[in-house]
Amino acid sequence: MKSILPLTLILALVVAFENCASNQETIRTGVSKVNTGSHLAQIESIDADLKSSSLSDESRDKLVIRKGKLLLDLGKYDETISTLNQVNQAKSNPVQLSEWNLTMGKAYVGKNEYSKAIQFLNQSERLDKNTNLMERKKLVVQSLVAEREYYPALATLTKTYTKGNQKKDEFYYETAAKTYLKMGFEYKNTGFYQKGLQVANLGLEEFPNNETLKSIQKECLEVLQPEGKL
């Protein structure tokens, strides 16, 4: 693959970079609309329950994890982390500890501390390979892209969807196409724009109304058309 040299392509890359910067998305952690009042009431109830001296260690840790997840939903990431750190990890069972690591990972994603998030998400999977598998994998892939670890991100994405014959969904096409687009700009290489365009086109065959894929397709074409590399 040849490096981009012509001025027209350099200018096109600048446009593509500006578009990428303006279209950057916050990594989604699976949280939908939150009823703030309900969440705060549940947290208050949990705090009251935690004052009970008759609680077993396991019950106490379950309540703490539940409180941490509620705080996570509210976007209170530092409070989530400080709350979860009250859990006695040494006494937690693997499934519960996997949930703890997953919630910690999400909190660090929320803080844009992706390398820490990846550590917790991977540890969550080591403890429990079945529960929340796709959610964890997607967060790891998005975190790797955010850390500009593009090759590991693509490798993880491919492995996730190949293993178990997982059907390629909108997340797959959006993430793969967006990653190639970012690689095209960073490495000044038209080959990555061509791959991004190819993936976007395949995704649009399956999901013709996907606006993210349409935007990526447009950005790739803006770079590739000046030199006639279609």
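In which helix does Tyr 77 lie? Tyr 77 lies in helix H4, which covers residues 77-84. The model described here is a predicted one. At 27% relative accessibility, Tyr 77 counts as partly exposed, because that class takes in values between 20% and 50%. Tyr 77 has a partner in space that is distant in sequence: Lys 106 is 29 residues away along the chain, yet the two C-alpha atoms are 8.6 Å apart.

## Overall architecture

The secondary structure of the protein consists of 11 helices and zero strands. Along the sequence this gives the pattern α-α-α-α-α-α-α-α-α-α-α. Of the 230 residues in the protein, 41% are buried.

An annotation can be set beside this architecture. An unreviewed UniProt entry lists residues 98-131 as "repeat: TPR". In the model, the chain over residues 98-131 is 79% helix and 0% strand. The C-alpha atoms at the two ends of that segment are 9 Å apart.

## Pairs distant in sequence

Several residues placed in helices can be paired with residues well separated from them along the chain. Ile 65 belongs to helix H3, residues 57-73. With a relative accessibility of 2%, Ile 65 is buried, since the limit for that class is under 20%. Glu 219, a residue of helix H11 (residues 211-224), is likewise buried, with a relative accessible area of 5%. Lys 138, in helix H7, is partly exposed at 24% relative accessibility. The table lists the C-alpha separations of these residues from their partners, together with that of Tyr 77.

| Pair | Separation in sequence | C-alpha to C-alpha distance |
|---|---|---|
| Ile 65 and Asn 85 | 20 residues | 9.4 Å |
| Tyr 77 and Lys 106 | 29 residues | 8.6 Å |
| Lys 138 and Ala 153 | 15 residues | 9.7 Å |
| Glu 219 and Gly 196 | 23 residues | 9.5 Å |

## Helix H9 and its ends

Helix H9 runs over residues 170-187 and has 18 residues. From its first C-alpha to its last it reaches 25 Å, close to the 26 Å expected at 1.5 Å a residue. How enclosed is H9 by the rest of the structure? Because 13 of its 18 residues are buried, H9 is largely enclosed by the rest of the structure.

Both ends of H9 have a describable feature. At the N-terminal end, Asp 169 acts as a cap: one of its side-chain oxygens lies 3.3 Å from the backbone nitrogen of Phe 171. After the helix comes Lys 188, whose phi is positive, near 50°.

## Loops flanking H7

Positive phi values also occur in the loops on either side of H7. Asn 132 lies in the loop between helix H6 (114-127) and H7. Its phi is near 60°, a positive value in a residue other than glycine. The relative accessible area of Asn 132 is 33%, so this residue is partly exposed. Arg 148 is placed in the loop between H7 and H8. Although Arg 148 is not a glycine, its phi is positive, at about 65°.

## The second largest pocket

Rolling a probe the size of a water molecule over the atoms shows where empty space is left. In this model, the second largest pocket holds about 260 Å³ of space. Its lining comprises 11 residues. Those nearest the centre of the pocket are Glu 125, Leu 133, Lys 137, Thr 160 and Lys 163. The elements that contribute two or more residues to the lining are helix H7 (133-146) and helix H8 (150-162).

What is the make-up of this lining by class? It has two nonpolar, four polar and five charged residues. H7 therefore appears in several parts of this account: it holds the partly exposed Lys 138, and it gives two or more residues to the lining of the second largest pocket. The loop before H7 contains Asn 132, and the loop between H7 and H8 contains Arg 148.

Conventions: Residues are numbered from 1 along each chain as its sequence is written. This is a predicted model: local features need pLDDT of at least 70, side-chain atom pairs count only at pLDDT 80 or more; totals for chains, interfaces and linings use all residues. Side-chain values use heavy atoms; hydrogens and water are left out. Helices (H or I, at least four residues) and strands (E, at least two) are DSSP runs, numbered from the N terminus. The expected span of a helix is 1.5 Å times one less than its number of residues. Buried means under 20% relative accessible area, exposed over 50%, partly exposed in between (1.4 Å probe, protein chains only). A polar contact is a pair of N or O atoms within 3.5 Å; within protein, one must be able to donate a hydrogen and the other to accept it, and residues adjacent in sequence count only if both atoms are side-chain atoms. UniProt positions are given in the numbering used here, feature names are shortened, and annotations may be inferred rather than shown by experiment. On a 1 Å grid over the protein atoms alone, a cavity is a set of points where a 1.4 Å probe fits but cannot get out, and a pocket is an open set with protein on both sides within 12 Å along at least five of seven lines; lining residues have an atom within 4 Å of a point. Grid points are joined across faces, edges and corners, and a volume is the space filled by probe spheres set on the points. Ala, Val, Leu, Ile, Met, Phe, Trp, Tyr, Cys and Pro count as nonpolar, Asp, Glu, Lys and Arg as charged, and the others, Gly among them, as polar.
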